[in-house]
Amino acid sequence: MLGRSGLSRTGSFRPENLGQNALHMIGNLCFTIFVVGVLVFTIIAATYEPEDPLFHPSTKITTFLTSTSNATFQSDNTVVRTGEDFMAANQTAFATFINVTDVVQIKEAISDETTSSGCVGDSKGQLDCKDPEVFHLMMKVAIEHFKDIHFYRFGKPAPGPEENTCDMAWRFRPKEGKTAAFYKDYRRFVINRSENCTLSVVSIGDYHSGVNARKKKRKNQKPGFEKTSGRQEQGGVSLPVVGETVNDSLPVVESENAFRHGKYLIYVGGGDRCKSMNHYLWSFLCALGEAQYLNRTLVMDLTLCLSSIYTSSNQDEEGKDFRFYFDFEHLKEAASVLDQEQFWQDWNKWQRKDRLSLNLVEDFRVTPMKLSEVKDSLIMRKFGSAEPDNYWYRVCEGETESVVQRPWHLVWKSRRLMEIVSAIASRLNWDYDSVHIVRGEKARNRDLWPNLAQDTSPGALISTLQDKIEDGRNVYIATNEPDTSFFEPLKDKYSTHFLDDYKDLWDENSEWYSETTKLNNGVPVEFDGYMRVSVDTEVFLRGKKQIETFNDLTNDCKDGVNTCNTAAS
């Protein structure tokens, strides 16, 4: 008895119970694994932070930007993505648009409080554009006429040049809009008043024809009509309004006292100049992000060097203005920035008198975290001549990447360029399909793109598009093919449109031309290659159907043979 093991006394370990015990043990083990898995998943979900909007770690982007390889991957020089591209279009924010029934209801609500148009047998008298009956008629007709857009605000009508004309502005958005933005239009209405004083709209002018209604609404001015408070924000972030008057004048420091108490950051030198716009923006946003992290004003150089990949001369071109390509009004309102030319004038004027100090940093490896306690008025990061260590974006790599975030929401595309986009889409009544056709160098390189030339030929396009786009549709073709007559056969099935069909929007008689010339101290500004690809791309993206070259027209890979899988990673 004494020689028996103690285990033999335990009934649960009898031979007849071993199978049951094994099942219990396996069940407990599985449950434990499940609980641990749920715990790990919860921790990951709670601590996860989305990647930077370029969707790649900085090391991968750095490799791309500095690569000199002759591999099949070719740098894409298309338009850069900016803050508004990363703002999801919150459909709830755009749901409160104005319907015809809203106009009818507001008209009925005030009908007892106002008289009619004051016609009283004089149908030939001066038309009063401020008359509520005229206003309601114009709103109702506009909503019924422009079926592919939603209206969010109507401005009060203004008298036109003729007795029977009124100008009216409105804020709108295409019904199938994919971008988080509003647009503004203003048109001229010709209104007829019959013998019995009945009002009717005879015609509505072209895009931006109602110039008397263009004036920007003053802060204390009551709006004409809007369904809600007309918020221009989505989730606390302001939204672009294309079509408003642009005020991109340079900010100035109000006084010597304000300048003395300011804290500033400036980047000097480096190898970023004359690189692609992607490279420029990646570096600029690093500097802007550091300035925000340090709670300092960024002193920025508003002059750019446009890379030869965008110029007609095929040479790098200095003297370009940041405001030609980006929305400086939004930037200066949302962040603290100064033009470096104005800054140095103030610095030279007050630096000695006010004993303003400078902290020079010549090593990009000095992190923003190490500079957070610096008390000097100005921190100057000076970059050398050895690439790639003299690229500004190197400051935001390594441990800094998780601390300093690039403020994408601060940089939007130029509203002057977006105004051209809006004008083209409006001339097509926001009712068109779009096709992006890549040809040029890639079509000639049959080693990397063996099928592209044939797949984008007119015959192949007609065959491919017949199942994708209905006959007779307006089709906007965004392409790098210089000879658009190449696509002439497509006109038998579609109404085709190209960027150069709208040259009047940037020629010497255009609003864009006069405003950019004024911005450039009286020197005319070329509508350069980057501007062209920017507008071309944005018009394409506003098509109801969007047909891409490498997704829909050919089986070739965008970056050359055997790169389809790697391009998606």
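**Close-up views of a predicted model**

**View 1. Surroundings of Val-104 in helix α3 of the predicted model.** Val-104 is classed as partly exposed because its relative accessibility is 33%, a value between the 20% limit for buried residues and the 50% limit for exposed ones. The residue lies in helix α3, which spans residues 100-110. His-136 follows 32 residues away along the chain, and the C-alpha atoms of Val-104 and His-136 are 7.7 Å apart.

**View 2. The open parallel sheet β19-β18-β17-β20.** Four strands make up this sheet, and their pairing is parallel. Its edges are formed by β19 (495-497) and β20 (546-547), each of which pairs on one side only. In general, the strands of a sheet pair through backbone hydrogen bonds.

**View 3. Pairing of strands β17 and β18.** Strand β17 (residues 433-437) runs parallel to strand β18 (residues 474-479), and five bridges connect the two. One residue pair can be named in this view: Asp-433 has Val-475 of β18 as its bridge partner.

**View 4. Confidence along the predicted chain.** The mean pLDDT of the protein is 84, and 78% of the residues reach at least 70. Among the elements, strand β11 (residues 297-300) has the highest mean pLDDT, 98, whereas helix α2 (residues 58-66) has the lowest, 47.

**View 5. Two segments with pLDDT under 50.** Over residues 1-13, pLDDT remains under 50, and the model shows six contacts beyond four places in sequence for this segment. Residues 112-116 likewise stay under 50; for them the model has three such contacts beyond four places in sequence.

Key
Residues are numbered from 1 along each chain as its sequence is written. This is a predicted model: local features need pLDDT of at least 70, side-chain atom pairs count only at pLDDT 80 or more; totals for chains, interfaces and linings use all residues. Side-chain values use heavy atoms; hydrogens and water are left out. pLDDT is the predictor's confidence in each residue, from 0 to 100. Contact means heavy atoms within 4.5 Å. Two strands pair if DSSP finds at least two bridges between them. Buried means under 20% relative accessible area, exposed over 50%, partly exposed in between (1.4 Å probe, protein chains only).
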